[in-house]
Amino acid sequence: MVQSGAWIIASRVDTAVWQAGMASDLLPGESVTAFAHIFRFKPVMEALAITNRRVIGFTTVLQPGKKVRIEVRGEDIRSVEFVRKRVTTKLHIHTDRGPVLFGDVMDQEEDFIREHIEQLRRDIAQPRRRQAEPLRVSLEKPPSATALPSSPTPQDGNSTVLSDEIARLADMHQKGWLDDDEFRAAKRAVISRMS
């Protein structure tokens, strides 16, 4: 991890922890396409997940079912705005019911977040079958150099999906992106999600 002022830029370990932590809170058929750090005290949030259905502000410190703190469905998004206030930049997502404040984001992540939210809006507006794309994480390095494989959507009775997901986690563990404890926790989360 690299420290940048008061912010910690997302690492692959953060991403693996967020992905494992969010697994039980995703809707059926929902998959995460991007993660980024976000900060908010009330309700407490540590990360932003952009999925194929919604934008989610969440924390991993709460129990499953309570991790999602703020969400906006893709079809409700009208625009994205980054509001600069003193030394912070706040993410607002505008809906027909008004703006939703997600929290503070890093200035260098604005384009990354905007790109993925706009892609979600386009995909919702023009539904089409897309092949799974790599999971992207906002990192200090260019996203193309840090793309991770996406998590396959579990299908009932499909042991191939489970073995593929565990193989992906094992690969991350072998490359040093996950330590032993993180690997075991992520593996347990995948098995329980797909059971």
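**View A. Ile70 is a buried residue, with a relative accessibility of 14%.** Buried denotes under 20% relative accessible area, exposed over 50%, and partly exposed in between (1.4 Å probe, protein chains only). The model is predicted, so local features need pLDDT of at least 70 and side-chain atom pairs count only at pLDDT 80 or more, whereas totals for chains, interfaces and linings use all residues. Residues are numbered from 1 along each chain as its sequence is written, and side-chain values use heavy atoms, with hydrogens and water left out. Ile70 belongs to strand E6 (residues 68–73); helices (H or I, at least four residues) and strands (E, at least two) are DSSP runs numbered from the N terminus. Leaving aside residues up to four places away in sequence, Ile70 touches Arg40, Pro43, Met45, Val55, Ile56, Gly57, Val100, Leu101 and Phe102, a contact being heavy atoms within 4.5 Å. Twelve residues separate Ile70 from Phe58 in sequence, and their C-alpha atoms are 6.9 Å apart in space.

**View B. Strands E3 and E4 are joined by a hairpin with a cis peptide bond in the loop between them.** E3 and E4 run antiparallel and are connected by six bridges; two strands pair if DSSP finds at least two bridges between them. Ala34 stands opposite Ile50 in E4. The hairpin passes from E3 to E4 through four residues. Pro43 lies in the loop between strand E3 (32–40) and strand E4 (45–51). The bond that joins Lys42 to Pro43 is cis, with omega at about -10°. Pro43 is also one of the residues touched by Ile70.

**View C. Trp18 and Phe58 form an edge-to-face aromatic pair.** The structure holds four aromatic pairs. Rings of Phe, Tyr and Trp (its six-membered ring) pair if their centres lie within 6.5 Å, and planes under 30 degrees apart count as stacked, over 60 as edge-to-face and the rest as tilted. In the pair of Trp18 and Phe58, the centres are 6.4 Å apart and the planes make an angle of 85°. Because Trp18 lies in helix H1 (residues 12–22) and Phe58 in strand E5 (residues 54–58), the pair ties together parts that are 40 residues apart in sequence. Trp18 and Phe58 are both buried. With Phe35, Trp18 and Phe58 form one aromatic cluster.

**View D. Arg54 and Glu30 meet in a salt bridge between buried residues.** A search of the whole structure finds ten salt bridges, each a side-chain nitrogen of Lys or Arg within 4 Å of a carboxyl oxygen of Asp or Glu. For Arg54 and Glu30 the N to O distance is 2.7 Å. Arg54 is part of strand E5 and Glu30 of the loop between H1 and E3, so the pair ties together parts that are 24 residues apart in sequence.

**View E. Further salt bridges involve Asp104 and Asp76.** The closest N and O atoms of Lys90 and Asp104 are 2.6 Å apart. This pair links distant parts of the chain, since Asp104 is in strand E9 (residues 98–105) and Lys90 in strand E8, 14 residues apart. Asp104 is buried at a relative accessible area of 10%. Salt bridges with shared partners join Arg73, Glu75, Asp76 and Arg97 into one network. Within this network, the side chains of Asp76 and Arg73 meet at 3.1 Å, N to O. Asp76 counts as buried, at 14% relative accessibility, whereas Arg73 is partly exposed, with a relative accessible area of 44%.

**View F. Arg86 has a positive phi of about 50° although it is not a glycine.** Arg86 is placed in the loop between strand E7 (79–85) and strand E8 (88–95). Its relative accessible area of 82% makes Arg86 an exposed residue.

**View G. Helix H2 spans residues 110–125.** The 16 residues of H2 reach 22 Å from the first C-alpha to the last, close to the 22 Å expected at 1.5 Å a residue; the expected span is 1.5 Å times one less than the number of residues. Buried residues of H2 are Glu110, Phe112, Ile113, His116, Ile117, Leu120 and Asp123.

**View H. The protein chain has four helices and ten strands.** Along the sequence they follow the pattern β-β-α-β-β-β-β-β-β-β-α-β-α-α. Of the 195 residues of the protein chain, 41% count as buried. Among contacts between residues at least 6 apart in sequence, 49% join residues at least 24 apart.
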